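Trainee: I am new to this structure and would like a close look at a single part of it. Could you walk me through it slowly?

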Amino acid sequence: MFAACAAALLFAFDTGERMFIMVCAALFNASAACAWNGIDVFSSELLPSRIRGTGLGLCTACGRVGSILANVFNSNVLARQQSDEQNVALVLISAGIAMTLGAVCVLRLPETLTR
């Protein structure tokens, strides 16, 4: 999650070079996919077997609602009358902040090694 946050924040400092943009996008997508897959595995270990399906379904539903709200937020920010660079930077910085908060929340979860 921290790597995805860093890649998202690097977009905000766009130099205009296509290679820089492609590398940042690849780092963001790869690290975000790895992080979310790890969180899915870890969260399934936290829940007891009898409620695991319900718990993961609830987590998935919350994630879907969050992604809908993020799209609404991003479209409203990008539609503002300010310069495009400021709007894009605000969207990327807010995504970085959300990912950092997610990473901090994961760090606060209990250890499941001996369970």
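Trainee: In which helix is the place of Val-23? Please take me through that part closely, and then show me how the rest fits around it.

Mentor: Happy to. Val-23 has its place in helix 2, so let us make helix 2 our base, with one caution before we begin: this is a predicted model. The protein chain averages a pLDDT of 80, and 95% of the residues score at least 70. Confidence varies along the chain: among its elements, helix 1 (residues 2–12) has the lowest mean pLDDT, 73, while helix 3 (residues 52–78) has the highest, 88. Where pLDDT is low, the predicted coordinates should not be read in detail.

Now for the setting. The protein chain has 4 helices and 0 strands, so from the N terminus on its elements read α-α-α-α. Its C-alpha atoms fill a box of roughly 50 × 25 × 20 Å, taken along the principal axes. Of the 115 residues in the chain, 20% are buried. If you take the contacts between residues at least 6 apart in sequence, 56% of them join residues at least 24 apart.

Back to helix 2, which covers residues 18–46. You can check its length yourself: at 1.5 Å a residue, its 29 residues should span 42 Å, and its end C-alpha atoms are 42 Å apart, which agrees. Val-23 and Leu-46, both worth finding on your screen, give you another ruler: they are 23 residues apart in sequence, and their C-alpha atoms are 34 Å apart in space.

Next, look at how the residues of helix 2 are covered. Val-23 is partly exposed because its relative accessible area is 41%, and partly exposed covers values between the 20% and 50% cut-offs. Met-19, also in helix 2, counts as exposed because its relative accessibility is 53%. The buried residues of this helix are Cys-24, Ser-31, Ala-32, Ala-35, Ile-39, Ser-43, Ser-44 and Leu-46. As you scan that list, keep one rule in mind: an α-helix has 3.6 residues a turn, so residues three or four places apart point the same way.

Phe-42 is another residue of helix 2 to pause at. With a relative accessible area of 21%, Phe-42 is partly exposed, since buried means under 20%. Leaving aside neighbours within four places in sequence, Phe-42 is in contact with Leu-109, Pro-110 and Thr-112. Val-106 is 64 residues away from Phe-42 along the chain, yet the C-alpha atoms of the two are separated by 9.1 Å.

Compare that with another pair that starts in helix 2. Met-19 and Arg-80 are 61 residues apart in sequence, and their C-alpha atoms are 28 Å apart in space. Arg-80 lies in the loop between helix 3 and helix 4, and it is partly exposed, with a relative accessible area of 35%. Not counting residues up to four places away in sequence, Arg-80 touches Asn-87 and Leu-90.

That loop leads us to the two helices it joins. Two packed helices are described by the angle between their axes and the distance between the axes. Here the axes of helix 3 and helix 4 come within 8 Å and cross at roughly 155°. That makes helix 3 roughly antiparallel to helix 4, and their crossing is right-handed. On the helix 3 side, Phe-73, Asn-74, Val-77 and Leu-78 meet Asn-87, Val-88, Leu-90, Val-91 and Ser-94 in helix 4.

Helix 4, residues 84–107, can be checked as we checked helix 2: its 24 residues should span 34 Å at 1.5 Å each, and its end C-alpha atoms are 35 Å apart, which agrees. Buried in helix 4 are Asn-87, Ala-89, Val-91, Leu-92, Gly-96, Met-99 and Ala-103. Asn-87 is therefore worth a last look: it is buried, it takes part in the meeting with helix 3, and it is touched by Arg-80.

Technical notes: Residues are numbered from 1 along each chain as its sequence is written. This is a predicted model: local features need pLDDT of at least 70, side-chain atom pairs count only at pLDDT 80 or more; totals for chains, interfaces and linings use all residues. Side-chain values use heavy atoms; hydrogens and water are left out. pLDDT is the predictor's confidence in each residue, from 0 to 100. Helices (H or I, at least four residues) and strands (E, at least two) are DSSP runs, numbered from the N terminus. The expected span of a helix is 1.5 Å times one less than its number of residues. Buried means under 20% relative accessible area, exposed over 50%, partly exposed in between (1.4 Å probe, protein chains only). Axes are lines fitted to C-alpha atoms, for helices over the stretch in contact, and angles run from 0 to 180 degrees between N-to-C directions. Angles under 35 degrees count as roughly parallel, over 145 as roughly antiparallel, 65 to 115 as roughly perpendicular and the rest as oblique. A crossing is left-handed if the near helix is turned anticlockwise from the far one by less than a right angle, and right-handed if clockwise. Contact means heavy atoms within 4.5 Å.
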